[in-house]
Amino acid sequence: MKNLSAHPRRRISGYVPYPNGATRQQVLDKCLNRLLILASCLGFAAIILFLVAMS
């Protein structure tokens with residue numbers, strides 16, 4: 001018979017989220033979304049400035 005040992009599959013850490021609080025992944029996703037929006041706006045502004053300069 002094989003010996004069995006129980007190992008927790010979940011990493012134990014001191015982080016305990018607040019009820020209905022955002023997780024670290026959700027905060028990171030929100031920051032990345034804002035950076036992508038900023039990059040898109042800067043690209044659009046650069047296109048508009050280029051078109052105005054060409055006319």
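**A single helix and its exposed surface**

C31 is partly exposed, at a relative accessible area of 43%. C41 also counts as partly exposed, with 46% relative accessibility. Both values fall between the cut-offs of 20% for buried and 50% for exposed, and therefore each cysteine takes the label partly exposed. The count of disulfides is 0. A pair would need its sulfur atoms within 2.5 Å. All of this comes from a predicted model.

Now the chain as a whole. Its secondary structure amounts to 1 helix and 0 strands. The protein chain has 55 residues, and 0% of them count as buried. Buried here means under 20% relative accessible area. The accessible surface of the chain is about 6,000 Å². Carbon and sulfur atoms hold 66% of that surface.

Next, the segment before α1. N20 lies there. Its phi is near 60°, a positive value in a residue other than glycine. Is N20 buried or exposed? N20 is exposed, because its relative accessibility is 86% and the cut-off for exposed is over 50%.

Then the helix itself. Helix α1 covers residues 24-54, and F50 sits in it. F50 has a relative accessible area of 52%, so it counts as exposed. F50 also belongs to a nonpolar patch on the surface. Which residues join F50 in that patch? They are F44, I47, I48, L51, V52 and M54. Together with F50, they present about 760 Å² of accessible area.

Technical notes: Residues numbered from 1 in each chain as written. Predicted model: local features only at pLDDT ≥ 70, side-chain atom pairs only at ≥ 80, totals over all residues. Heavy atoms only, no water. Patch = residues over 30% accessible without salt bridge, like charges linked within 9 Å, V, L, I, M, F, W, Y side chains within 5 Å. Areas by Shrake-Rupley, 256 points an atom, 1.4 Å probe, with all protein chains shown as cover. Salt bridge = Lys/Arg side-chain N within 4 Å of Asp/Glu carboxyl O. Helix = DSSP H or I, 4+ residues; strand = E, 2+ residues; numbered from the N terminus. Buried < 20%, exposed > 50% of the residue type's maximum accessible area, 1.4 Å probe, protein only.
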